[in-house]
Amino acid sequence: MAKTTPQSPVDFAQIIPREHTGCVKYDARRERFGRADVHPLWVADMDFAAPDCVQRALAERVAHPIYGYAIFPDAFFTTIQRWLSIRHGWVVARAAIVPLPGIVPALNLLVQALSQMGDGILVQTPVYPPIHQLPLNHGRMLLENALISTPQGYEIDWSDFTTKVAQARLFILCSPHNPVGRVWRRDELERMATLCLAHQVIILVDEVHADLVYAPHQHLSVASLSNEISAQCITLNAPSKTFNIAGLNTAYAIIDNPNLRATLHTAVQHTGLGSGNVFGITALIAAYQQGAPWLNQLLHQLQQNRDFVVGYFTENDLGITVVRPEATFLLWLDCRQLMQRLHLSDDAALARFFIERAGLGLNPGISFGAPGSGFMRLNTGCPPSVLHTALASLNHSISEDN
Ligand SMILES: Cc1ncc(COP(=O)(O)O)c(C=O)c1O
């Protein structure tokens, strides 16, 4: 693959075939959609090459032919500290960083370690399916604070939040939020955190989309708001979405509270999840040290992709509406009018329409919880031409069936 210096323009138009590379997005299509020929616009990774700095660092590491157990070197911690400080204005202590093999594994461990059977766990639906499924998977009580859909975007139902937080042991906050694309404002974060403090509810915050925020919005880590909040907060993050390296299974937590940190350390050690991925560590260091210019270009491309798709649904009356996301490369499509028009009786019929008539593989909204009924989630992390083809195909199938 052609090399670029960090300053040279990245070619986000290039189609890089991914079939038969063992990737979920392409190679699990038959299993997931019943056919292998749908345009895959689902699982949240991108069809763009990882930055050159990451490719180079990995190639160099691969060239050394021994891939034994890894340590987390100093640079792992210092580059995370530097990234969070420069990119997000958040100064974290080195000791607060806990290496992890992934955010979802960590959430599962934390729910088990910090709550008992039957305890309430508060989540804001529709939400990333593993977060939605976590409480019930572990025999906890699912407390759903359904977000309110408005023409301007999703808002928090405060009276419901206030009632439910009082019954909760843990609150899993998705910030920025997948799939509704909200970047929570300071006042919203403060209000949620204050209510959690009042009820001794521990906040587990998943910030994996924090780097993928569009101006003028700005990500704010809830733990950075005050020492009191930070003491009751576990922040989870990774370079996986930002630099398209999710298959390298490397993430981290930031935990100021020594007791909470010890709890996670113990859970990680007791499950054998504490040893690092030699390639994931290499990639994280390279990406955080040298990947910022690439990321700035990526954000520009993702913003264009987002605006193209939002514009398309505004200009073409397909019975699908979408609110412009403030973050993430994921678009949350409201297909309820389309369902009425095409007499699609339920979510299964909607999903079938997308696969069989439009030839598109999206995530059904219902998998994000009941408020996702009638929605589909579309991944725009791909060359613009792929989106053009996919939307034309969708448009054609709707006109045909109308
Ligand atoms: C909100 C959110 N959290 C976590 C993940 C996955 O994290 P990991 O691969 O580190 O388990 C995703 C992936 O789509 C996500 O959207």
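A residue counts as buried if 20 or more other C-beta atoms lie within 10 Å of its own, and as exposed if 12 or fewer do. Keep that cut-off in mind for the stops below. The model on screen is predicted.

**Stop 1: the whole chain**

Show the complete protein as a cartoon. It contains 15 helices and 15 strands. Along the principal axes, the C-alpha atoms fill a box of roughly 60 × 55 × 40 Å. The radius of gyration is 21 Å, which agrees with the value near 21 Å for a compact globule of 402 residues. Of the 402 residues, 47% count as buried. Among contacts with a separation of 6 or more, 72% are between residues 24 or more positions apart.

**Stop 2: the two domains**

Colour residues 24-52 together with 292-401 as domain 1, then 68-290 as domain 2, following the domain assignment. The centres of domain 1 and domain 2, taken over C-alpha atoms, are separated by 26 Å. Now look at where the domains meet: 27 residues of domain 1 are in contact with 29 residues of domain 2. On the domain 1 side, helix H12 (292-315), strand E12 (330-334) and strand E15 (375-379) each supply at least two of the touching residues. H12 gives the largest share, four residues. By type, this side of domain 1 divides into 18 nonpolar, six polar and three charged residues.

**Stop 3: a sheet of four strands**

Stay with E12 and E15, and add E11 and E14. These make an open sheet in the order E11-E12-E15-E14, with antiparallel pairing. Strand E11 (321-322) and strand E14 (363-364) stand at the edges with a single partner strand each, so one side of each has no neighbour in the sheet. Zoom in on E11 and E12, which run antiparallel and are joined by two bridges. Select Val322 and find its bridge partner in E12, Leu333.

**Stop 4: helix H6**

Move to helix H6, residues 129-137. Which of its residues are buried? Ile131, His132, Leu134 and Pro135 are. Turn the view to look down the axis of H6: the buried residues fall within an arc of 145°, so they line one face of the helix. On the other side of H6, Leu136 and Asn137 are exposed.

Next, display what the buried residues of H6 pack against: helix H5 (103-114), strand E3 (120-123), strand E4 (141-144), strand E7 (168-174) and strand E8 (202-206). Before leaving, click on Gly139, just after H6, which takes a positive phi of about 70°.

**Stop 5: strand E9 and its partners**

Keep E8 on screen and select strand E9, residues 233-237, where five of five residues are buried. Show the side chains and compare the two faces of E9. Cys233, Thr235 and Asn237 are on one side, Ile234 and Leu236 are on the other, and all are buried.

How many bridges join E8 to E9? There are four, and these strands run parallel. To see the pairing, select Ile203, which stands opposite Cys233 in E9.

For the last selection, add strand E10 (residues 251-254), which pairs with E9 in the antiparallel sense over three bridges. Here the bridge partner of Asn237 is Tyr252, in E10. E9 therefore shows both senses of pairing, parallel with E8 and antiparallel with E10; in general, strands of a sheet pair through backbone hydrogen bonds in either sense.

Methods:
Residues are numbered from 1 along each chain as its sequence is written. This is a predicted model: local features need pLDDT of at least 70, side-chain atom pairs count only at pLDDT 80 or more; totals for chains, interfaces and linings use all residues. Domain bounds come from an automatic or database domain assignment. Two residues are in contact if their C-beta atoms, placed from the backbone, lie within 7 Å. Ala, Val, Leu, Ile, Met, Phe, Trp, Tyr, Cys and Pro count as nonpolar, Asp, Glu, Lys and Arg as charged, and the others, Gly among them, as polar. The radius of gyration is taken over C-alpha atoms; the globule rule is 2.2 Å times the number of residues to the power 0.38. Two strands pair if DSSP finds at least two bridges between them. The arc is that of the directions from the helix axis to the C-beta atoms.
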